[in-house]
Amino acid sequence: MREVFGDRALIQRCQWHKRENVTSKISDPEFAKEVKKLLEAAYAAHTYAEARKQLLALIETLVVRCPKAAASLKEGFEETFTLHKLGVAKLLRD
């Protein structure tokens, strides 16, 4: 995509896969369940700013409790918000 379209290419990473990848790094099932809910709530936020703020707060928690999960969430972080940035996340979700 980037080779052909350069900076005009917009990439949306799959939020479901991101959630699964992050939670798979967490050994405590209850904490993984809690993180899953927080990820879902963040991605359901109406705006990019809201979603990003929630996930940055989650990263701070994960850095302390499960650094591998934090690293997984950081990888491709901004690309999970493309639909939010375009203002169509809610429209496509509903």
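This passage describes side-chain contacts and surface exposure in a predicted model.

The aromatic residues make a good starting point. Three aromatic pairs are found in the whole structure. In one of them, the rings of Tyr 43 and Phe 81 are tilted, with centres 6.1 Å apart and planes at 55 degrees. This pair brings together distant parts of the chain, since Tyr 43 belongs to helix α3 (residues 29–43) and Phe 81 to the loop between α5 (67–74) and α6 (82–85), 38 residues apart. Tyr 43 and Phe 81 are both buried. Phe 81 also pairs with Tyr 48, here in an edge-to-face arrangement with a centre-to-centre distance of 5.6 Å and 80 degrees between the planes. Again the contact links distant parts of the chain: Tyr 48 lies in helix α4 (residues 48–65), 33 residues from Phe 81 in the loop between α5 and α6. The two partners fall into separate exposure classes. Phe 81 is classed as buried because its relative accessibility is 0%, below the 20% limit for that class. Tyr 48, in contrast, has a relative accessible area of 27% and is therefore partly exposed. Together with Phe 77, the residues Tyr 43, Tyr 48 and Phe 81 make up one aromatic cluster. Another ring, that of Phe 31, has the charged end of Arg 65 sitting over it, 3.7 Å from the ring centre.

Turning to charged side chains, the structure contains eight salt bridges. Arg 19 takes part in two that are worth following on the model. One is with Glu 20, at an N to O distance of 2.7 Å. Arg 19 is buried, as its relative accessible area is 12%, whereas Glu 20, at 28%, is partly exposed. Arg 19 is also bridged to Glu 40, with the closest N and O atoms 3.0 Å apart. This bridge connects distant parts of the chain, namely helix α3, which holds Glu 40, and helix α2, which holds Arg 19, at a spacing of 21 residues. With a relative accessibility of 37%, Glu 40 is partly exposed.

A further salt bridge joins Glu 78 and Lys 85, whose closest N and O atoms are 3.0 Å apart. Both ends are partly exposed: Glu 78 has a relative accessible area of 26%, and Lys 85 has one of 44%. Elsewhere, Arg 13, Lys 18, Glu 75 and Glu 79 are joined into one network by salt bridges that share partners.

Helix α2 (residues 15–23) also contains Asn 21. This residue is partly exposed, with a relative accessible area of 39%. The C-alpha atoms of Asn 21 and Ser 72 are separated by 6.8 Å, although the two residues are 51 positions apart along the chain.

At the surface, Met 1, Val 4 and Phe 5 form a nonpolar patch with a combined accessible area of about 330 Å². Met 1 sits in the segment before α1 (2–5). Its relative accessibility of 57% exceeds the 50% limit, so Met 1 counts as exposed.

Finally, the cysteines deserve a brief look. Zero disulfides are found in the whole structure. Cys 14 is partly exposed, at 39% relative accessibility, while Cys 66 is buried, with a relative accessible area of 11%.

Methods
Residues are numbered from 1 along each chain as its sequence is written. This is a predicted model: local features need pLDDT of at least 70, side-chain atom pairs count only at pLDDT 80 or more; totals for chains, interfaces and linings use all residues. Side-chain values use heavy atoms; hydrogens and water are left out. A disulfide is a pair of cysteine sulfur atoms within 2.5 Å. Buried means under 20% relative accessible area, exposed over 50%, partly exposed in between (1.4 Å probe, protein chains only). Rings of Phe, Tyr and Trp (its six-membered ring) pair if their centres lie within 6.5 Å; planes under 30 degrees apart count as stacked, over 60 as edge-to-face and the rest as tilted. Helices (H or I, at least four residues) and strands (E, at least two) are DSSP runs, numbered from the N terminus. A charge sits over a ring if NZ of Lys or CZ of Arg is within 6 Å of the ring centre and within 35 degrees of the ring normal. Patches are made of residues with over 30% relative accessible area and no salt bridge: like charges are joined within 9 Å, nonpolar side chains (Val, Leu, Ile, Met, Phe, Trp, Tyr) within 5 Å. Accessible areas come from the Shrake-Rupley method with a 1.4 Å probe; for residues, only the protein chains shown count as cover. A salt bridge is a side-chain nitrogen of Lys or Arg within 4 Å of a carboxyl oxygen of Asp or Glu.
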